[in-house]
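Visitor: Could you take me through one part of this protein up close? I'd like to hear about the aromatic rings and what surrounds them.

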Amino acid sequence: MDEGLVALVTAGVGLVGALGGAALGGLAAVRGARMGAETTARATIEQARTQERAQHDHWLRDERKRAAVLMLEAYDRFTIAASNVTRMFDLKIEASADLWSAYNASMNEIRGAYFPLRLLGPTGVHQAARELWQLIENYNEGIQEWVDGIITATDETRAGWRAREEQQRHTLGGAHSDLIDAVSESLQSNGAVPRPN
């Protein structure tokens, strides 16, 4: 074969090899760039989701705290109003429509404060709040019974009402402490919010 032809064929083979290598290198570069972009996109999406969860957890923690504070403040106003009403019934202070109105308002406030806590509270807080709320409702039934029968009640009946009210007040105090403990435990759990599986 002619040396010129051999050189030309060799150069052609070299050119084809170089072009093939460049094409393969280009394809590998494109594939690598695409894989890098996909990895970056996945990481960005996961980072956004993590940040969104953290913001939601922070919001939920704040809402739970707000709801718990509302319930505890409502309970404080309720205890003052209930004490005034029972003192009024015992004729220890002068009867007043304002005292009765304050008591009824405190009952409405308790009911209004309980439901946000029920919706937002973690299980332990919800259970403690429900226990306190039910005891308050039972207490209120006793007060209503006292109101309904105050005119016709005998001394024995009045003594029974007083004894029951005193026992209920003690039970309410324990349930109030349980709610405070449940709220404190919930807020000290490093802001962790239980996730559904």
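Guide: Here is a walk through the aromatic rings, their helices and their neighbours.

Keep in mind that this is a predicted model. For orientation, the protein has four helices and zero strands, so to speak an α-α-α-α pattern when you read along the sequence. Of its 197 residues, 29% count as buried. Take the contacts between residues at least 6 apart in sequence: 74% of them join residues at least 24 apart. As for the outside, the protein exposes about 12900 Å², and carbon and sulfur atoms supply 58% of that.

Now the rings. A search of the whole structure turns up 10 aromatic pairs. One of them is Tyr75 with Phe78, a tilted pair with 6.2 Å centre to centre and 45° between the planes. Why do these two sit about one helical turn apart? Because they are three residues apart in helix H1, which covers residues 3–89. Both Tyr75 and Phe78 are buried.

Compare that with Tyr114 and Phe115. Their ring centres are 5.1 Å apart and the planes meet at 65°, which is over the 60 degree cut-off, so this pair is edge-to-face. Tyr114 is buried, with a relative accessible area of 0%, whereas Phe115 counts as partly exposed at 37% relative accessibility.

Back to Tyr75 and Phe78, which belong to a bigger group. Ring pairs link them with Phe89, Trp100, Tyr103, Tyr139, Trp146 and Trp161 into a cluster.

Tyr103 is a good place to stop and look around. Setting aside residues up to four places away in sequence, Tyr103 touches Phe78, Ala81, Ala82 and Val85, along with Tyr139, Asn140, Ile143 and Gln144. Tyr103 also shows up in the largest nonpolar core, a set of 38 residues in which Met71, Phe78, Tyr103 and Leu179 touch the most other members. Which elements give two or more residues to this core? They are H1, helix H2 (97–120), helix H3 (123–149) and helix H4 (155–187). H1 provides the largest share, 13 residues. As background, nonpolar side chains tend to be buried together in soluble globular proteins.

Let's follow H2 for a moment. With 24 residues, H2 reaches 36 Å from its first C-alpha to its last, close to the 34 Å expected at 1.5 Å a residue. At its start, a side-chain oxygen of Ser96 comes to within 3.1 Å of the backbone nitrogen of Asp98. Further along, the buried residues of H2 include Leu99, Tyr103, Ser106, Met107 and Ile110, and Ala113, Tyr114, Leu117 and Leu120 are buried too.

Tyr114 has a polar partner as well. Its side chain and that of Arg130 are joined by a polar contact of 3.4 Å. Arg130 lies in helix H3 and is partly exposed, with a relative accessible area of 31%. The C-alpha atoms of Arg130 and Tyr114 are separated by 7.7 Å, with their positions 16 residues apart along the chain. Leaving aside neighbours within four places in sequence, Arg130 is in contact with Tyr114 and Arg118.

That leaves H4, which brings Trp161 to the ring cluster. H4 has 33 residues, and at 1.5 Å a residue these should span 48 Å; the end C-alpha atoms are 48 Å apart, which agrees. Among the buried residues of H4 are Trp161, Leu172, Ala175, Leu179, Ala182 and Val183. The buried list for H4 also takes in Arg158, Glu165, Gln168 and His176.

One more resident of H4 is worth a look: Ser186. Is Ser186 buried or exposed? Ser186 is buried, because its relative accessible area is 19% and the cut-off is under 20%. Apart from neighbours within four places in sequence, Ser186 is in contact with Arg61, Pro122 and Val125. Thr123, found in helix H3, counts as exposed at 56% relative accessibility. Thr123 and Ser186 are 63 residues apart in sequence, yet their C-alpha atoms are 9.4 Å apart in space.

Methods. Residues numbered from 1 in each chain as written. Predicted model: local features only at pLDDT ≥ 70, side-chain atom pairs only at ≥ 80, totals over all residues. Heavy atoms only, no water. Phe/Tyr/Trp six-rings, centres within 6.5 Å; stacked < 30°, edge-to-face > 60°. Buried < 20%, exposed > 50% of the residue type's maximum accessible area, 1.4 Å probe, protein only. Core = buried A, V, L, I, M, F, W, Y, C linked by side-chain atoms within 4.5 Å. Contact = heavy atoms within 4.5 Å. Expected span 1.5 Å × (residues − 1). Polar contact = N/O pair within 3.5 Å; in protein donor to acceptor, adjacent residues only side chain to side chain. Areas by Shrake-Rupley, 256 points an atom, 1.4 Å probe, with all protein chains shown as cover.
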